Amino acid sequence: MNRRDALKTIAILAAGASGSVLLPGGWRMAYAAGDEGDAKILRVQNDEDITNLDPANRSGWYDEMVMFAVYSGLCQYKSGTQWGWQLDAAETLEQVSPLTIHFKLKPGILWSGNFGEMTAEDVKYSYERFLDPKLSAIYASDWEALDHVEVTGTYEGIIHLKHPFSPLFTSTLPHASGLIICKKAVEAAKDKKIGTDPLACSGPYRIGNWAPREKLTLVRNDKWHGPATYYDQIQLLPIGDLNTAEIAFEAGDLDMTKINLSAVAKYQGGGNATLTLRPALAYTWLGMNVDHPKLKDIRVRRAIQQAINVPEVLDAAFGGTVKPAYGLVPPPLAGARSKNIYPYAVDTAKDLLKQAGVTGLQLRLDFSTSSDINTIAQVIQAQLAEIGITLHINQMDGAAFVAAGQQAAGDAWKDSQLRITTFTTAPDPSWVTAWFTCSQVGIWNTQRTCDKSWDQLNSAAAVEEDAAKRAAMYVQLQDKLEETGAYVFLYHGSNAWVTPTSIKGAWTPDGQWALFREVKPA
């Protein structure tokens with residue numbers, strides 16, 4: 001019996017011919033015989049289930065991968081290995097001055113749900129709402145430079161900026177903050193909010209069925225008249241544990257999945273799978289909650305910083321295939337650092353704890369489900385033991401991990417001490433630093449570091465037009481974060497995907513998002 005048959009036999013025994021079985025990592029593999037007919041279906045692993053499909057308040061890449069399929073923007077990222085953008089809903093898009101961008105929509109783009117045609121009023125509504133204080137947009141910084149959108153015709157308008165904004169065409173317009181929502185649909189909604197229901201779709205796909213924590217099915221949007229897509233359905237399965245995802249792929253129950261970096265060597269020889277490996281625009285770090293009583297003393301935080309030997313950690317987890325990070329900004333973005341201010345120095349770490357009068361310190365390290373991060377956590381546990389710190393490892397479900405750092409989710413953040421977090425970013429350094437401001441404390445800034453002068457420098461860097469000066473400003477921003485003692489920079493890494501050789505995948509150049517519009521048979 002092969003692996004696929006074995007898994008299905010287990011499923012049948014556990015749940016009957018139509019049912020489900022819970023696999024390691026909490027993913028439920030569902031079977032419903034004969035309900036898909038001859039549809040062309042692409043089954044894809046997603047790191048999390050969808051949580052919010054509002055461009056202004058999305059939660060992460062697991063939402064964005066869906067959003068790029070169901071919405072349209074004026075432009076969109078190109079697939080391949082080089083960053084760039086191409087027209088999407090726009091027929092023309094031109095920056096005519098540092099403060100004005102003219103656009104003209106393609107006529108005839110229809111919204112699902114009988115909301116009519118996309119117009120320039122939708123563009124105006126979509127972008128200006130980021131600045132509405134009642135919305136409290138998480139991604140308001142993407143449109144911080146926006147003054148207003150002027151509608152000059154049914155399909156035409158002008159985006160007016162208050163000041164030059166370097167990231168506009170790198171991390172705002174082609175990204176999810178540049179997606180266009182339907183004004184009529186939102187205003188018709190009872191609470192005038194978008195959650196897991198996009199309300200109206202303009203992309204090649206729309207939401208079909210959604211079984212939370214099990215499967216989200218995207219189906220063809222019959223109002224779509226753009227370039228034809230190959231697949232009738234995209235089925236996204238929220239599998240955060242990549243070991244589980246890899247088992248499902250090898251069993252033939254997934255067509256596209258990320259894999260752990262520690263598993264890359266297994267697929268480099270070819271065979272029946274195609275490996276796609278891209279340098280990630282991501283950053284993984286260990287952060288410390290500076291408001292926790294055990295971590296208020298900067299000498300304690302600095303001791304932790306200097307007790308962690310990052311190259312040793314990465315060698316244990318990835319066997320030398322992943323390089324250490326020296327900051328948050330990933331190469332090759334402007335502002336990537338080349339060294340740390342406080343490198344590994346175990347004797348210095350011991351002296352710092354002695355100066356702080358701290359002995360027998362016990363701390364908890366939280367992180368989301370990942371075998372690679374689990375290995376990293378165990379090595380850090382051993383390294384901190386060398387300076388007398390007992391580290392308790394706490395691996396959590398992805399949703400619980402996010403909630404544990406955010407004030408809106410309750411009081412769990414008060415018990416948060418150390419966290420290993422990975423953020424993904426867009427091809428501009430402003431998107432890296434945006435989450436560490438005072439306004440992000442208790443949201444994405446789980447270290448709770450707050451410095452108004454840091455915020456001012458961060459705002460100035462976003463509008464600086466001189467490339468060399470701008471890069472230097474981002475280096476300085478990262479220097480200041482390291483000085484707080486609350487950050488240990490770990491790695492940027494890569495994104496690794498596997499597909500059957502029969503499928504030609506399509507991703508952004510960092511491999512973070514699968515671009516379903518372009519996936520087709522090999």
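In the predicted model described here, Arg213 is placed in the loop between strand E12 and strand E13 (215-220). The phi angle of Arg213 is near 70°, a positive value in a residue other than glycine, and the residue is exposed, with a relative accessible area of 52%. A positive phi, near 55°, is also found at Lys192, again in a residue other than glycine. Lys192 belongs to the loop between H5 and strand E12 (205-211), and with a relative accessible area of 48% it counts as partly exposed. A further backbone feature concerns the peptide bond from Pro331 to Pro332, which is cis, with omega near 10°; Pro332 is located in the loop between H9 and helix H10 (346-356).

As for the confidence of the prediction, the pLDDT of the protein chain averages 91, and 93% of the residues score at least 70. Residues 1-35, however, have a pLDDT below 50, and beyond near neighbours in sequence this stretch makes 52 contacts in the model.

Aromatic side chains form 22 pairs in the structure. In one of them, the ring centres of Phe318 and Tyr491 are 5.2 Å apart and the planes stand at 70°, so the arrangement is edge-to-face. Because Phe318 is part of helix H9 (residues 310-318) and Tyr491 is part of strand E21 (residues 487-491), this pair ties together parts that are 173 residues apart in sequence. Both Phe318 and Tyr491 are buried. Another pair, made by Tyr487 and Phe489, is stacked, with 6.5 Å from centre to centre and 25° between the planes. Tyr487 counts as buried at 1% relative accessibility, and Phe489 is likewise buried, with a relative accessible area of 3%. Tyr487 and Phe489 also take part in a cluster linked by ring pairs, which includes Tyr283, Trp285, Phe423, Phe436 and Trp444 as well.

Aromatic rings are also found beneath charged groups. The charged end of Arg448 sits over the ring of Trp413, 3.9 Å from the ring centre, while the charged end of Lys40 sits over the ring of Tyr230, at 5.2 Å from its centre.

One disulfide is counted in the model. This bond joins Cys438 to Cys450, with an S to S distance of 2.0 Å, and with 100° about the S-S bond the link is right-handed. Cys438 and Cys450 both lie in the loop between helix H13 (430-433) and helix H14 (452-463), so the pair ties together parts that are twelve residues apart in sequence. Cys438 is buried, its relative accessible area being 12%. Cys75, in contrast, is in no disulfide, and the nearest cysteine sulfur, that of Cys201, is 19 Å away; Cys75 is nevertheless buried, with a relative accessible area of 2%. For Cys201, the closest cysteine sulfur is that of Cys182, which at 10.0 Å is too far for a bond. Cys201 counts as buried too, at 3% relative accessibility.

Among the sheets of the model is an open one of three strands, ordered E15-E22-E16 and paired in the antiparallel sense. Its edge strands are E15 (257-258) and E16 (273-279), each of which pairs on one side only. The antiparallel pairing of E15 with strand E22 (residues 494-500) extends over two bridges, and Lys258 stands opposite Trp497 in E22.

Packing of secondary structure is illustrated by helix H3 (residues 120-128), in which Ala120, Asp122, Val123, Tyr125, Ser126 and Tyr127 are buried. These buried residues of H3 pack against E8, strand E9 (146-151), strand E10 (156-161), strand E11 (179-180) and helix H5 (183-188). Strand E8 (residues 100-105) contains Thr100, which is buried, with a relative accessible area of 17%. When residues up to four places away in sequence are not counted, Thr100 touches Glu94, Gln95, Ile158, Ile159 and His160. Between Thr100 and Arg364 the separation is 264 residues in sequence and 50 Å in space, taken from C-alpha to C-alpha.

Key. Residues numbered from 1 in each chain as written. Predicted model: local features only at pLDDT ≥ 70, side-chain atom pairs only at ≥ 80, totals over all residues. Heavy atoms only, no water. Phe/Tyr/Trp six-rings, centres within 6.5 Å; stacked < 30°, edge-to-face > 60°. Helix = DSSP H or I, 4+ residues; strand = E, 2+ residues; numbered from the N terminus. Buried < 20%, exposed > 50% of the residue type's maximum accessible area, 1.4 Å probe, protein only. Lys NZ or Arg CZ within 6 Å of the ring centre and 35° of its normal. Pairing = 2+ DSSP bridges. pLDDT = per-residue confidence, 0-100. Contact = heavy atoms within 4.5 Å. Disulfide = S-S within 2.5 Å.
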